[in-house]
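Q: Can you walk me through this protein structure? I'm new to this, so keep it simple.

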Amino acid sequence: MSRRLLALVCVSASLASGCGLMSEDGAGERRTVTVWLMKDSASQDFLKRFTEGFEREHPDLDLDIRIQEWTGIGDKVQTALKAGGTDGPDVIEVGNTQVPQYAEGGRLQDLTLESMRDWGMEDWLPGLAEPGQWMSQQYGIPWYAANRVVIYRKDLFEQAGITEPPRTREEWLTATEKLDSGGDQGIYLAGQDWYTLSGFIWDEGGELAEEEGGTWKGALDSEAALRGMDFYRELQALGDGPVDADEEHPPQSGVFAKERVAQIVAVPGLARSIVRENPELEGRLGFFPVPGKTADKPGAVFTGGSDLVVPKNTDEHDGALAVVEALVGSKWNTDLARTMNYVPNKKSLADAVAGEEGVAAMAAGAAQGRATPGTPRWGAVEADNPIKEYMTKVLTGGEAESEARKASDRITGLLDLDA
């Protein structure tokens with residue numbers, strides 16, 4: 001039978017029973033879906049399990065998973081999205097806050113319908129789902145999350161007579177003040193840890209920047225944002241963190257490992273680095289969610305993690321959707337979370353990681369997760385980062401309201417799309 005006649009037969013038969021592409025010898029033609037995933041996002045064992053399971057359930061599809069480096073990935077993705085031809089990626093893992101910059105040029109598939117109808121978007125973690133939107137459409141599909149918790153020394157808490165981790169901000173301040181004595185630091189909190197500050201601002205109802213009539217403006221000078229900065233100032237003073245540096249200068253894991261520090265705010269995975277540097281701390285570390293204003297829910301936190309996007313120029317649209325659906329579905333999403341100590345993409349899946357203390361604390365906080373403002377220009381703010389300078393000015397005695405106004409004006413200028 002000729003290929004043309006076979007195609008006509010398939011069109012007719014598909015109305016009753018469906019007909020796939022076949023070769024002349026009757027074997028199904030397998031199509032390849034190319035997937036770009038970032039280095040260390042998933043273990044080789046997980047990728048092997050997923051590939052075998054996916055291809056078994058989709059006998060017409062082969063997976064070609066290509067691991068990418070984070071360094072320089074922005075330009076590489078933009079190039080791929082603009083390219084013609086058929087050898088580019090069909091699914092791409094991107095940082096959750098990167099989605100707007102890729103969606104802005106109209107080069108991503110709009111996945112709003114699938115998100116609402118098939119993928120349970122109403123249960124997604126907000127810190128992953130919200131930055132995946134652009135112009136009210138869903139382009140980034142939440143894959144996994146990670147966020148900050150409080151890592152603490154159980155032995156120092158016990159010595160201070162603190163029997164339970166604090167659940168409110170006031171309890172946190174009281175406990176930290178008690179721990180900040182006898183040569184111990186109650187908390188090590190660098191002065192320019194703006195991710196942690198962001199959570200306090202969001203808890204107060206403030207924002208880093210706000211959109212008004214299509215224009216983004218800095219918002220650090222709002223009353224709510226100033227209250228967040230005031231709490232940060234109180235907490236930061238209960239330790240010896242440098243006021244003119246961030247949490248990586250020096251790396252706070254090293255400070256925590258070498259000195260008598262009761263607490264740091266970090267992702268749970270940092271505990272492994274701490275124990276490697278100081279094996280004596282094995283079994284002495286605990287975790288709890290960043291406390292909120294009230295005991296009924298944890299504090300807001302910046303949610304990092306990854307979303308999956310589908311380029312508009314893919315030539316394997318259906319195959320790409322099948323890959324996304326599998327990776328973000330409960331089976332493989334919980335498998336990934338357990339394997340990598342991540343937070344799953346849905347609040348309802350938090351029980352899947354409840355057995356590990358650090359991840360459980362992270363999952364509790366992730367329900368209050370947020371992301372940076374959803375503008376493609378936010379990267380320019382982070383590159384210049386007037387927030388860090390503002391924090392140092394306040395912590396060294398500057399008047400908070402005037403310094404916040406200056407920083408907000410700089411953020412507004414950096415977010416100007418016409419600049």
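A: We'll go through the pockets, the cavity, some helix pairs and a few details of the chain. One thing up front: this is a predicted model.

Q: Okay, pockets. How much space lies in the largest pocket?
A: About 990 Å³.

Q: Which residues are closest to its centre?
A: Ala146, Asn147, Val267, Gly269 and Tyr342. They belong to a lining of 32 residues.

Q: Which elements give two or more residues to that lining?
A: Three strands and two helices do: β6 (141-147), β10 (263-266), β12 (301-309), α12 (270-277) and α15 (357-366).

Q: And how does the lining of the largest pocket divide by class?
A: There are 16 nonpolar residues. The rest are eight polar and eight charged.

Q: What about the second largest pocket, how much space is there?
A: About 430 Å³. Its lining has 22 residues. Closest to the centre are Glu211, Trp216, Pro373, Gly374 and Thr375.

Q: Which element gives the most to that lining?
A: β8 does, with three residues. Both β8 (209-212) and β4 (133-134) supply at least two.

Q: Same class question for the second largest pocket: how many nonpolar, polar and charged?
A: Eleven nonpolar, six polar and five charged.

Q: Now cavities. How many of 30 Å³ or more does a search of the whole structure find?
A: One. The volume of this largest cavity is about 60 Å³.

Q: What lines the largest cavity?
A: Arg148, Tyr195, Thr196, Gly199, Phe200, Val265, Val290, Ala300, Val301 and Phe302. Helix α9 (194-203) and strand β12 each give two or more of them. The top contributor is α9, with four residues.

Q: How many residues in the lining of the largest cavity are charged?
A: One. Seven others are nonpolar and two are polar.

Q: Let's switch to helices. How do α2 and α14 cross?
A: The axes of α2 (residues 44-57) and α14 (residues 330-340) cross at roughly 170°. They come within 11 Å. Angles over 145 degrees count as roughly antiparallel, so α2 and α14 are roughly antiparallel to each other.

Q: Which residues make the contact?
A: From α2, Phe46, Arg49, Phe50, Gly53 and Glu57. From α14, Lys331, Trp332, Asp335, Leu336 and Thr339. By class, that contact has four nonpolar, two polar and four charged residues.

Q: What else does α14 pack with?
A: Helix α13 (residues 317-328). Their axes are 4 Å apart, at an angle of about 55°. That makes α13 oblique to α14.

Q: Who's touching whom there, in α13 and α14?
A: Ala326, Leu327 and Val328 of α13 make the contact with Ser330, Trp332 and Asn333 of α14. Four of the residues in this contact are nonpolar, two are polar and no charged ones take part.

Q: What about α8 and α10, at what angle do they cross?
A: Roughly 20°. The axes of α8 (residues 169-179) and α10 (residues 223-236) come within 10 Å. Angles under 35 degrees count as roughly parallel, so α8 is roughly parallel to α10.

Q: And which residues meet in α8 and α10?
A: Arg169, Trp172, Leu173 and Thr176 in α8 meet Phe231, Glu234 and Leu235 in α10. That is four nonpolar, one polar and two charged residues.

Q: New topic: how many salt bridges does the structure hold?
A: It holds 28. One of them joins Arg30 and Asp62. Their closest N and O atoms are 2.7 Å apart.

Q: Why can side chains pair like that?
A: Side chains of opposite charge can pair when their charged atoms come close.

Q: Where do Arg30 and Asp62 sit?
A: Arg30 is in the loop between α1 (3-14) and β1 (31-38). Asp62 is in strand β2 (residues 61-68). They are 32 residues apart, and the pair links distant parts of the chain.

Q: Last bit, the backbone. Is the peptide bond from His249 to Pro250 cis or trans?
A: Cis, with omega near 0°. Pro250 is in the loop between α10 and α11 (252-258). For context, most peptide bonds are trans.

Q: And Met135, is phi positive or negative there?
A: Positive, near 55°. Met135 is in the loop between β4 and β5 (137-138). Most residues other than glycine have a negative phi.

Conventions. Residues are numbered from 1 along each chain as its sequence is written. This is a predicted model: local features need pLDDT of at least 70, side-chain atom pairs count only at pLDDT 80 or more; totals for chains, interfaces and linings use all residues. Side-chain values use heavy atoms; hydrogens and water are left out. Axes are lines fitted to C-alpha atoms, for helices over the stretch in contact, and angles run from 0 to 180 degrees between N-to-C directions. Angles under 35 degrees count as roughly parallel, over 145 as roughly antiparallel, 65 to 115 as roughly perpendicular and the rest as oblique. Contact means heavy atoms within 4.5 Å. Ala, Val, Leu, Ile, Met, Phe, Trp, Tyr, Cys and Pro count as nonpolar, Asp, Glu, Lys and Arg as charged, and the others, Gly among them, as polar. On a 1 Å grid over the protein atoms alone, a cavity is a set of points where a 1.4 Å probe fits but cannot get out, and a pocket is an open set with protein on both sides within 12 Å along at least five of seven lines; lining residues have an atom within 4 Å of a point. Grid points are joined across faces, edges and corners, and a volume is the space filled by probe spheres set on the points. A salt bridge is a side-chain nitrogen of Lys or Arg within 4 Å of a carboxyl oxygen of Asp or Glu.
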